Amino acid sequence: MSSRQNYITQDHLLETIYAMLTLTSGFVIARILTTQFVRPQRWLSQDAVIYFAYALYIVMAVLYIVVTPILFRLTAVGEKRMRPYPTLKDDHKLMVKIFFVNTMLFWFVLWTVKLSFLMLYKRLMEGLHNVYIKLWWAVVVFWFLVSHGTTSMNTL
């Protein structure tokens, strides 16, 4: 008889989510402070893209915080450590919906951050030889094709 032991507890998972949210918020706040207050510069499109990615990340993290207790409750019922409860089906439906949305949010966050980096690299390459700009455009086309294909496959 084998005993399955879950090494990740609900508290550990929530602490990790809060820690990553704090770390990400620290970087975004540092970016705001340096680009808008310490060395003020005009608003750039890459700033808007990265702030949009941060907003999506916050939504994703909040949804994970919401779904974590449900996930552990459903796992306990599945492992027969807890009796089925009246709202089990509703919790299961909510969990599936949240995981569906979070999968898409994950890819949107990932690809918007990559787009922001592409915009940064474009600014850094201004004034360089034309070959570098053509290579940059090739990377942009590749990014678009891969990001469109990845998000389309996840929504099926």
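For these notes, contact means heavy atoms within 4.5 Å. I am working from a predicted model.

**Entry 1: Ala61**
I began with a single residue and asked which residues Ala61 is in contact with, leaving aside its neighbours within four places in sequence. I found Ile17 and Leu21.

**Entry 2: the core around it**
Next I looked up the largest nonpolar core, and Ala61, Ile17 and Leu21 are among its nine residues. The others I noted are Leu14, Leu56, Tyr57, Met60, Leu105 and Val109. Which elements give two or more residues to this core? I got α1, α2 and α3, the last spanning 88-124. The largest share comes from α2, with four residues.

**Entry 3: α1 against α2**
Then I turned to the helix pairs, starting with α1 (residues 10-38) and α2 (residues 45-78). I read an angle of about 165 degrees, with the axes 10 Å apart. Angles over 145 degrees count as roughly antiparallel, so I put α1 and α2 down as roughly antiparallel to each other. By class, I listed 18 nonpolar, seven polar and two charged residues in their contact. The crossing of α1 past α2 is left-handed.

**Entry 4: α2 against α3**
How far apart are the axes of α2 and α3? I have them 7 Å apart, at an angle of about 155 degrees. That makes this pair roughly antiparallel as well. Here I listed 30 nonpolar, six polar and three charged residues in the contact. I also noted that α2 passes α3 in a left-handed crossing.

Methods:
Residues numbered from 1 in each chain as written. Predicted model: local features only at pLDDT ≥ 70, side-chain atom pairs only at ≥ 80, totals over all residues. Heavy atoms only, no water. Axes fitted to C-alpha atoms, helices over the stretch in contact; angles between N-to-C directions. Parallel < 35°, antiparallel > 145°, perpendicular 65-115°, else oblique. Left-handed = near helix turned anticlockwise from the far one by under 90°. Nonpolar A, V, L, I, M, F, W, Y, C, P; charged D, E, K, R; others polar. Core = buried A, V, L, I, M, F, W, Y, C linked by side-chain atoms within 4.5 Å. Buried < 20%, exposed > 50% of the residue type's maximum accessible area, 1.4 Å probe, protein only.
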